[in-house]
Number of protein chains: 2
Amino acid sequence: MTSGTRSPQATTLERPALEDARDAIVDGIEREAMMTVFGRCTVDYDGRASSQLEAGDRHLMLKPDGAALVHTDEGQQPVNWQPPGCEHSVRCEDGALVIESVRSSPEERLAVSFELVLQVSTFAGSDPTELAVVGTEEDLRQRILEEPRLLEEGFTPLATERDTPAGAVDIYGEDATGRSVVVELKRRRVGPDAVSQLRRYVDALERDLHADASVRGVLVAPSVTDRADRLLARHGLEFVALEPTE
Amino acid sequence: MTSGTRSPQATTLERPALEDARDAIVDGIEREAMMTVFGRCTVDYDGRASSQLEAGDRHLMLKPDGAALVHTDEGQQPVNWQPPGCEHSVRCEDGALVIESVRSSPEERLAVSFELVLQVSTFAGSDPTELAVVGTEEDLRQRILEEPRLLEEGFTPLATERDTPAGAVDIYGEDATGRSVVVELKRRRVGPDAVSQLRRYVDALERDLHADASVRGVLVAPSVTDRADRLLARHGLEFVALEPTE
DNA sequence: TCCTTAATTTCGCAG
DNA sequence: CTGCGAAGTTAAGGA
């Protein structure tokens with residue numbers, strides 16, 4: 001985290017006066033610490049959309065990269081937030097501690113106004129590691145590239161991310177008879193949207209090759225919904241069941 | 001929040017022994033409090049995918065609804081998480097404080113193992129309010145339903161969420177000449193995916209009406225990308241520029 | 001429960 | 001910077 005190799009630190013203020021809370025947060029912003037504030041607050045957001053929250057008890061997290069998160073005790077998602085790249089600022093105003101996170105492009109403003117602060121914490125530490133995830137669409141692609149007959153006997157991959165006027169195709173190749181094949185990969189069960197996407201690529205490629213030879217479209221995923229299955233059939237597209245790993 | 005109308009509370013342990021941290025968390029889970037733990041930890045996830053994080057300083061939030069969030073000092077998104085509906089559990093093991101959040105359907109497990117705990121906090125309060133957001137696709141729909149000529153002079157909405165074999169159409173109606181119109185709404189600038197979606201609905205509806213009369217497809221959004229614009233033209237679809245509010 | 005789509009989606013990558 | 005599509009997407013609404 002921000003402090004590099006320094007040993008991790010945490011400081012806490014319990015039930016601080018609003019001015020003391022303000023000073024601690026000003027200091028934390030200066031030191032590029034991660035901070036949390038818990039207390040009774042209202043929240044106003046205005047930007048890509050706009051929203052308002054009346055007084056309630058919530059948990060605010062401020063990150064040194066400019067992100068801000070307002071959490072209640074329910075839900076995985078914050079009830080309000082601001083992405084990284086914002087400027088945090090603090091002030092006391094009309095008996096409230098007002099914390100604002102603002103950015104431009106797009107112009108957005110999040111204001112959390114605390115009438116009561118129960119806790120202010122600052123955290124500093126280091127996180128040198130990277131997250132490694134297994135089971136992604138990329139794993140599925142690697143699986144097919146290493147063993148093309150998982151798609152079908154005689155399939156030969158020719159390119160990945162092949163560009164078409166409709167976007168990049170996951171895998172482009174040829175079947176045993178030399179016919180062009182567009183492969184769309186999904187790491188999990190797919191619905192109609194994935195079929196539309198594949199159809200768009202097949203259409204674009206046929207037009208691109210301006211050939212009479214039609215292009216095969218193959219959707220690779222663990223499974224499909226009924227409606228997606230019917231759409232596949234309607235558009236003459238194919239499906240191969242395959243998981244990203246195993 | 002959980003404690004209903006009780007006045008909000010926050011308690012803090014600084015640099016607790018792992019056993020004291022464990023006892024505080026067990027108590028917090030029992031009391032259905034929201035809790036946070038900051039310290040040096042490893043994180044393991046296994047479920048829809050799987051991931052691992054080596055030792056680093058991170059902030060864990062446990063919610064009484066079963067959600068768990070692991071944050072570093074960067075990014076709006078947690079580096080690891082678990083959705084609501086999990087069971088949290090705590091134990092000390094091999095000199096570490098191990099906090100597990102587990103759910104079934106799908107079978108998923110998140111384990112955060114702290115070798116050092118700098119702070120444990122518990123929060124209780126109430127959040128009686130609901131978030132009201134303005135500027136959504138629903139707002140755009142209302143705008144057109146209340147003033148159909150924003151789409152075009154003579155347009156008459158006949159149904160919203162009209163079902164087709166390809167899914168539900170945002171707005172279905174007729175133009176001044178009585179021709180069927182499918183309207184797809186987007187609250188912001190759209191790319192090729194929205195065009196595919198609209199085309200899918202138009203195709204499905206033409207087939208549904210099994211009529212020779214072709215169906216018009218109109219995409220309503222603040223703007224379109226170049227590629228989306230070309231796709232619209234290629235498929236004989238139309239575009240109307242409109243914002244969700246104003 | 002699954003299906004379908006919106007979202008202040010966020011995130012990452014490429015042009 | 002915008003465009004484009006993946007994501008352990010999450011969340012909501014309906015069947």
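**Exercise 1. Locate B:P106 and its counterpart in chain A, and describe the peptide bond that leads into each.**

In this predicted model, B:P106 sits in the loop that runs between β7 (96-103) and β8 (108-124) of chain B. The bond to examine is therefore the one from B:S105 to B:P106, and this peptide bond is cis, with omega near -5°. Turning to the other chain, A:P106 is placed in the loop between β7 (96-103) and β8 (108-124) of chain A, and the peptide bond from A:S105 to A:P106 is cis, with omega near -5°.

**Exercise 2. Determine how chain B is related to chain A, and say what this relation implies for the way the copies meet.**

Begin with the general form of the problem: two copies of a chain are related by a rotation about an axis and a shift along it. Here a turn of 180° with a shift of 0.0 Å along the axis lays chain B on chain A with an RMSD of 0.1 Å. That is the relation of a two-fold axis. To find where the axis passes chain B, look for the nearest C-alpha, which belongs to B:S196 and is 3.0 Å from the axis. The last step concerns the interface: 100% of the interface residues of chain B are also interface residues in chain A, so the copies meet through the same surface.

**Exercise 3. Describe the protein surface near DNA strand C, going from its overall composition to individual polar contacts.**

The surroundings of DNA strand C comprise 26 residues, of which the closest are A:R48, A:R189, B:R187, B:R188 and B:Y201. Of the atoms of DNA strand C that come within 4 Å of the protein, 84% belong to sugar and phosphate. By class, the residues of this surface are 7 nonpolar, 9 polar and 10 charged.

Individual atom pairs can then be examined. A polar side-chain atom of B:R187 lies 2.3 Å from a phosphate oxygen of DNA strand C, and an N or O atom in the side chain of B:K186 is 3.0 Å from a phosphate oxygen of this strand. A base is also approached, since the side chain of A:Y45 has an N or O atom 3.3 Å from a base oxygen of DNA strand C. As for secondary structure, the elements that give two or more residues to the surface are β5 (80-82) of chain A and α3 (192-208) of chain B; α3(B) gives the most, with 3 residues.

**Exercise 4. Carry out the corresponding analysis for DNA strand D.**

Around DNA strand D there are 25 residues, the closest being A:R187, A:R188, B:W81, B:R189 and B:T225. Sugar and phosphate make up 81% of the atoms of DNA strand D that come within 4 Å of the protein. The residues of the surface comprise 7 nonpolar, 8 polar and 10 charged.

Among the polar contacts, a side-chain atom of A:R188 lies 2.3 Å from a phosphate oxygen of DNA strand D, while a polar side-chain atom of A:R200 lies 3.3 Å from a phosphate oxygen of that strand. On the base side, an N or O atom in the side chain of B:Q82 is 2.7 Å from a base nitrogen of DNA strand D. The elements that give two or more residues to this surface are α3 (192-209) of chain A and β5 (80-82) of chain B.

**Exercise 5. Work out the layout of the open sheet of chain B, and identify a helix that packs on it.**

The sheet contains 5 strands in the order β10-β11-β12-β13-β14 (chain B), with mixed pairing. Since β10 (156-164) and β14 (238-241) of chain B stand at the edges with a single partner strand each, one side of each is left without a neighbour in the sheet. From one strand to the next, the twist averages 30°.

Within the sheet, β11 (residues 167-174) and β12 (residues 180-185) of chain B run antiparallel and are joined by 4 bridges; B:Y172 has B:V182 in β12(B) as its bridge partner. Helix α2 (residues 137-146) of chain B packs on the sheet, where it touches β10, β11, β12 and β13 (216-221) of chain B, and its direction makes about 20° with that of β11(B).

**Exercise 6. Examine the backbone of A:E161 and the pairing of the strand that holds this residue.**

Although A:E161 is not a glycine, it has a positive phi of about 55°. This residue lies in strand β10 (residues 156-164) of chain A. Over 7 bridges, β10(A) pairs in the antiparallel sense with strand β11 (residues 167-174) of chain A, and A:T164 stands opposite A:G167 in β11(A). The two strands, β10(A) and β11(A), form a hairpin with 2 residues between them.

Technical notes: Residues numbered from 1 in each chain as written. Chains lettered and ligands numbered in written order. Predicted model: local features only at pLDDT ≥ 70, side-chain atom pairs only at ≥ 80, totals over all residues. Heavy atoms only, no water. Near = heavy atom within 4 Å. Polar contact = N/O pair within 3.5 Å; in protein donor to acceptor, adjacent residues only side chain to side chain. Nonpolar A, V, L, I, M, F, W, Y, C, P; charged D, E, K, R; others polar. Least-squares fit on C-alpha atoms with pLDDT ≥ 70 in both. Contact = heavy atoms within 4.5 Å. Pairing = 2+ DSSP bridges. Axes fitted to C-alpha atoms, helices over the stretch in contact; angles between N-to-C directions.
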